[in-house]
2 protein chains.
Amino acid sequence: MNDDHSPRTLETVTRACRVIEALEELGGAGVTELADHLGLSKSSTHSYLATLREQQFVVKSGDTYELGLEFLYLGTAVRHNHDLYRHGSEEIERLADETGEYVHLMAEQHGLERNVYKVAGENAVGAEYHARKQQRADYLHFSSTGKAVLAQLETGRLERILDQYGLVERTEHTITDRERLYDELQRVRERGYAVNDEEEIQGIRAVGAPVVDSDGTVLGAVSVSGPKSRFDGELFNEELPEAVIGSANVIEANVNMSSATRSL
Amino acid sequence: MNDDHSPRTLETVTRACRVIEALEELGGAGVTELADHLGLSKSSTHSYLATLREQQFVVKSGDTYELGLEFLYLGTAVRHNHDLYRHGSEEIERLADETGEYVHLMAEQHGLERNVYKVAGENAVGAEYHARKQQRADYLHFSSTGKAVLAQLETGRLERILDQYGLVERTEHTITDRERLYDELQRVRERGYAVNDEEEIQGIRAVGAPVVDSDGTVLGAVSVSGPKSRFDGELFNEELPEAVIGSANVIEANVNMSSATRSL
DNA sequence: TTAACCGTTCGCATATCACGAACACTGTTC
DNA sequence: GAACAGTGTTCGTGATATGCGAACGGTTAA
């Protein structure tokens, strides 16, 4: 049950991945700049860039190398193959229409939260929040979707994730105590939805519900988020939870329907 | 002026790229399946997958490996960094509203056409066309955007691209003769826009205009496409060309404005 | 029970990659 | 106008990381 005997990995591939990430972070770079950034020699860095370019993963304009549109292609392909997007995008759009707020569809990968799809409702606010959610990947313990997912994991995996990443404090409201988090997750399981009360960003609240497979594995979670001023009272405690859980259930139904027809 | 002395390239990186592409094509795969597909040994294939997984580029569910959401992140990052998207997305949306048809924003990379952004107008039709445009990358010589771009390239680059890829026939209307293409490109330059008259897909016409930098380099092209039945007469010969050129000009202005302010 | 599949691990031989030094080119500086 | 400090690029070499095959552990089917 333990997948820990770290398998043999290829340094050359690892370095290639770091080159790609660095190009993204820097928004394109020259050979020398990249070499410094990665701690590689200029000549080696050049070889990596030349290879990625030959494979059309990277383009060169003038003397700077950038990630190519191949990544956009791969990204949309990944999204379209993802169960949550295939069976959830329409429902997410509907929910954004209904609530008028920001709606997110997230999945967990490698113990971190990844954005699958997001839609801004008519009254959706929060340029800052929007930008924050643009992050590569983020921790699970301070978002409504993250907590909704964590609450569904078997304790073994939960603990391994917490061990690996810890409970980083993002705002003063972030839960940083392990026992408090366990209590919180218990409440999430009881209520069927999770809440983010300014734990990720000051002034922003969110309500999230997990999307669970028919075999009980979590696929991810749906959330609605908005300003604290608006997210209050009956809306925050009843209407939104109901709406979010409803959407999650619709998506679950779509997923299960499709997997049922697939096995005919 | 010749960049041809093919530089030294890293086989390990090339193979990693092929693994990624194969995972995309197959929509996820097991070790043995991938090894067969790539002509590598099982053990080597495993090492590649293990490395890509460690770098969080790949996820493993059960016994099948799939591309991770990292690619979606990288893809949207690439799009948001792309000049055409930054300064063109709004205009493209406006054009889709105005015409009610399918609108595309494309760029050339490595001599092929890459989709940057697309918006479906209200009456937009063509599921097939839509799917076709989902392609990884396509040739330049049979699309309106592709021809608009080709018409702006210096003859050296143009010839190198044609030498590399040839004039593949996609439909019976595709231009497969070099001289005829040169004539066509000359007309494109004279009129300021390019036409695709069922050269890519039967029954689909399109009008495209290039987006050119202030130093004269092509950034890409805009197009409007739709069914032959509707794309006819005054609309096809005057209104749409005017609209498409207008949009291209707006995007050019945005791009130049931004590069002007940047150099202060 | 056996057999035929998986995915994974490991040792070994060899091909591959990292480095530094040199090159070509550009723009700057004095 | 010449020397210089920056680029990006090429190439030879030695150290080592990688590819392979064989074997292992597991699951499913016969």
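Which part of DNA strand C does a polar side-chain atom of Lys60(B) approach, and at what distance? In this predicted model, the partner is a phosphate oxygen of DNA strand C, and the two atoms lie 2.4 Å apart. The close-ups below start from there.

**View 1. Here is DNA strand C with the protein residues around it.** The strand has 23 residues surrounding it, and the closest are Ser44(A), Tyr48(A), Thr32(B), Lys60(B) and Tyr65(B). If you look at the strand's own atoms that come within 4 Å of the protein, sugar and phosphate make up 57% of them. Sort the surrounding surface by class and you get 6 nonpolar, 10 polar and 7 charged residues. On chain A, helix H1 (11–26) and helix H3 (42–54) each supply at least two residues of this surface, and on chain B helix H1 (11–26), helix H2 (31–38) and helix H3 (42–54) each do so too.

**View 2. Zooming in on DNA strand C, we pick out polar atoms of Thr32(B) and Ser43(A).** Thr32(B) puts a polar side-chain atom 2.4 Å from a phosphate oxygen of the strand. Ser43(A) goes for a base instead: one of its polar side-chain atoms sits 2.7 Å from a base oxygen of DNA strand C.

**View 3. Now for DNA strand D and its protein surroundings.** There are 24 residues around this strand, with Thr12(A), Thr32(A), Lys60(A), Tyr65(A) and Tyr48(B) coming nearest. Sugar and phosphate account for 54% of the strand D atoms that come within 4 Å of the protein. The class tally for this surface reads 6 nonpolar, 11 polar and 7 charged residues.

**View 4. Three polar approaches to DNA strand D share this close-up.** Glu11(A) uses its backbone, with a polar atom 3.0 Å from a phosphate oxygen. From the other chain, Ser44(B) brings a polar side-chain atom to 2.9 Å from a phosphate oxygen of the strand. Lys42(A) has a polar side-chain atom 3.4 Å from a base nitrogen. As for the elements around DNA strand D, those giving two or more residues are H1, helix H2 (31–38) and H3 of chain A, along with H1 and H3 of chain B.

**View 5. This one shows where chain A and chain B meet.** Each side brings plenty to look at: 52 residues from chain A and 52 residues from chain B take part in the contact. Together the chains bury about 4,800 Å², and 64% of that is on carbon and sulfur atoms. Across the interface there are 4 salt bridges, including one between Glu70(A) and Arg136(B), whose closest N and O atoms are 2.4 Å apart. Polar contacts link 13 residue pairs between the two chains, counting pairs with both residues at pLDDT 80 or more. On the chain A side, H4(A) gives the most, with 11 residues. That side divides into 24 nonpolar, 19 polar and 9 charged residues.

**View 6. Last comes a close-up of Thr51(A), a residue in helix H3 of chain A.** Is Thr51(A) buried or exposed? Thr51(A) counts as buried because its relative accessibility is 0%. Within its own chain, a polar atom of the Thr51(A) side chain lies 2.7 Å from the backbone oxygen of Ser47(A). Toward chain B, the side chains of Thr51(A) and Thr9(B) are joined by a polar contact of 3.2 Å. Setting aside neighbours within four places in sequence, Thr51(A) is in contact with Thr9(B), Leu10(B), Val13(B) and Thr14(B).

How values were computed:
Residues are numbered from 1 along each chain as its sequence is written. Chains are lettered from A and ligands numbered from 1 in the order in which they are written. This is a predicted model: local features need pLDDT of at least 70, side-chain atom pairs count only at pLDDT 80 or more; totals for chains, interfaces and linings use all residues. Side-chain values use heavy atoms; hydrogens and water are left out. A residue is near a molecule or strand if one of its heavy atoms lies within 4 Å of it. A polar contact is a pair of N or O atoms within 3.5 Å; within protein, one must be able to donate a hydrogen and the other to accept it, and residues adjacent in sequence count only if both atoms are side-chain atoms. Helices (H or I, at least four residues) and strands (E, at least two) are DSSP runs, numbered from the N terminus. Ala, Val, Leu, Ile, Met, Phe, Trp, Tyr, Cys and Pro count as nonpolar, Asp, Glu, Lys and Arg as charged, and the others, Gly among them, as polar. Contact means heavy atoms within 4.5 Å. Buried area is the accessible area (1.4 Å probe) that two parts lose on being put together, summed over both. A salt bridge is a side-chain nitrogen of Lys or Arg within 4 Å of a carboxyl oxygen of Asp or Glu. Buried means under 20% relative accessible area, exposed over 50%, partly exposed in between (1.4 Å probe, protein chains only).
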